[in-house]
Amino acid sequence: MSQSIIELLQVCEQRLFAVDSPRLSAELLIAHVLECSRLDLVLNKDRMLASAELSQIEELVARREGGEPIAYILGSKEFFGLDFEVAQGVLIPRPETEHLVEAVQERFSPDAEFLFADLGTGSGILAVTIATLFPNAKGVAVDLSPEALKIASRNSVTHGVSDRVSFVQADFTCPLFQPQSFDLIVTNPPYVPLYEYESASHEVVSFEPRTALVSGIDGLDHMRLLLPHVEKALRSNGSFLSEIGYQHGDQLVRMFTDNWPEFYDVLIRKDLSGHDRIIISQRR
Ligand code: GLN
């Protein structure tokens, strides 16, 4: 049966009632297949859809109905004003991670020359965004997953920074780098405590990689393994910036000051919801 854009929008919105933002999801999926903007849908609401278009839209709406996050269906997600390719093997970029990039911007001037590492790069958002904002910076992005590295490397090509970011497949909780080799180390490690993951939403648990999220019983396993190596790999006065769990701020500040005296000036930044979100520290 033939349908206009507006009729299809209404049907899809109803079908998606159980997911977050059904109307927005319906608009994004239809606009994706028609290769137009959401505004174009409204401007051309009476246009009749071809049966090939209808069947493609049907396939995507069925995936969304099953809870698949919109970013995986569309294959991309915006981060810090840039579009990043994403797929089920990598975590979907979260807006709160943008605070980490803002904190880097506060510490380095736009023309600064520096060497950085991004540990557990996933889709490459941190490494690629930093390389884009700092044209004289060079970086190494590490991930254990070959699939993530392929996506991250494609993102570095899309954003024109592949000559300044290298990708390394490795376990970033092991010693990786020569002592005192980096001016900046950034990471958004897994930090979700197991008990919290067990009650996370269907969208997260069924579609996003568990290995990018869970870090042991209290969510701090990766930090414990990571910090001694980070401390060694940073140059003197080098900065370490990590995204952290909202419940970890005080505990991490204590961990830093008690166990790694080479780190000083340990600061916590909050996100827009008022939760502890970023830890920033410098090495002596
Ligand atoms: N903020 C993410 C979430 O709660 C966790 C990201 C991470 O573990 N690095 O889903």
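Helices and strands here are runs assigned by DSSP, with at least four residues for a helix and at least two for a strand, and they are numbered from the N terminus. With that in hand, one residue can be placed: Tyr191 is found in the loop between strand 6 and helix 9. I will come back to Tyr191 later. Please keep in mind that what you see above is a predicted model.

Let me start with the whole protein. The secondary structure comes to twelve helices and nine strands. The radius of gyration is 21 Å, close to the 19 Å that the globule rule gives for 284 residues, so the protein is as compact as a globular protein of that length. Along the principal axes, the C-alpha atoms fill a box of roughly 70 × 40 × 30 Å. Of the 284 residues, 37% count as buried. Now take the contacts with a separation of 6 or more: 66% of them are between residues 24 or more positions apart.

Next, the N-terminal part. The unreviewed UniProt entry places a feature called "domain: Release factor glutamine methyltransferase N-terminal" at residues 7-75. In the model, that span is 70% helix and 0% strand, and its end C-alpha atoms lie 26 Å apart.

Leu8 lies in helix 1. Is Leu8 buried or exposed? Leu8 has 21 C-beta neighbours inside 10 Å, and the cut-off for buried is 20 or more, so Leu8 counts as buried. Leaving aside its neighbours within four places in sequence, Leu8 is in contact with Gln3, Ile30, Leu49 and Ile57. For a sense of distance, Leu8 and Pro228 are 220 residues apart along the chain, and their C-alpha atoms are separated by 56 Å.

Ile30, one of those contacts of Leu8, brings us to helix 2. The buried residues of helix 2 are Ser25, Ala26, Glu27, Leu29 and Ile30. What covers them includes helix 1 (5-15), helix 3 (38-43), helix 4 (51-65) and helix 5 (70-74). We can also check the length of helix 2, which runs over residues 22-34. At 1.5 Å a residue, its 13 residues should span 18 Å, and the end C-alpha atoms are 18 Å apart, which agrees. Just after helix 2, Glu35 takes a positive phi of about 50°.

Now the second annotated region. The unreviewed UniProt entry puts "domain: Methyltransferase" at residues 118-243. Over these residues the chain is 36% helix and 24% strand, and the end C-alpha atoms are 12 Å apart.

Helix 7 covers residues 125-133, and seven of its nine residues are buried. Those seven are Ile125, Leu126, Ala127, Val128, Thr129, Ile130 and Ala131.

From there we can go to Asn155, which lies in helix 8 (residues 146-158). Asn155 counts as buried because it has 29 C-beta neighbours inside 10 Å. What does Asn155 touch, not counting residues up to four places away in sequence? The contacts are Phe84, Glu85, Ser123, Gly124 and Val128, and Val128 is one of the buried residues of helix 7. Asn155 and Ala127 are 28 residues apart in sequence, and 9.9 Å apart in space, C-alpha to C-alpha.

Last, the ligand. Which residues are around the ligand? They are Arg94, Asn188, Pro190, Tyr191, Val192, Val204, Leu213 and Glu243. By class, this shell has five nonpolar, one polar and two charged residues. The UniProt annotation "binding site", from the unreviewed entry, covers Asn188, Pro189, Pro190 and Tyr191.

Take Pro190, in the loop between strand 6 (182-187) and helix 9 (194-197). Pro190 has 21 C-beta neighbours inside 10 Å, so Pro190 counts as buried. Not counting residues up to four places away in sequence, Pro190 touches Thr211, Ala212, Leu213, Val214, Ser215 and His222. Leu213 is also among the residues around the ligand.

That returns us to Tyr191, in the loop between strand 6 and helix 9. Tyr191 counts as buried because it has 25 C-beta neighbours inside 10 Å. With residues up to four places away in sequence left out, Tyr191 touches Ser215, Gly219, His222, Ile244, Gly245 and His248. Ser215 and His222 are contacts of Pro190 as well.

Notes
Residues numbered from 1 in each chain as written. Predicted model: local features only at pLDDT ≥ 70, side-chain atom pairs only at ≥ 80, totals over all residues. Near = placed C-beta within 6 Å. Nonpolar A, V, L, I, M, F, W, Y, C, P; charged D, E, K, R; others polar. Expected span 1.5 Å × (residues − 1). Buried ≥ 20, exposed ≤ 12 C-beta atoms within 10 Å, placed from the backbone. Contact = placed C-beta atoms within 7 Å. UniProt positions renumbered as here; feature names shortened; annotations may be inferred. Rg over C-alpha atoms; globule rule 2.2 N^0.38 Å.
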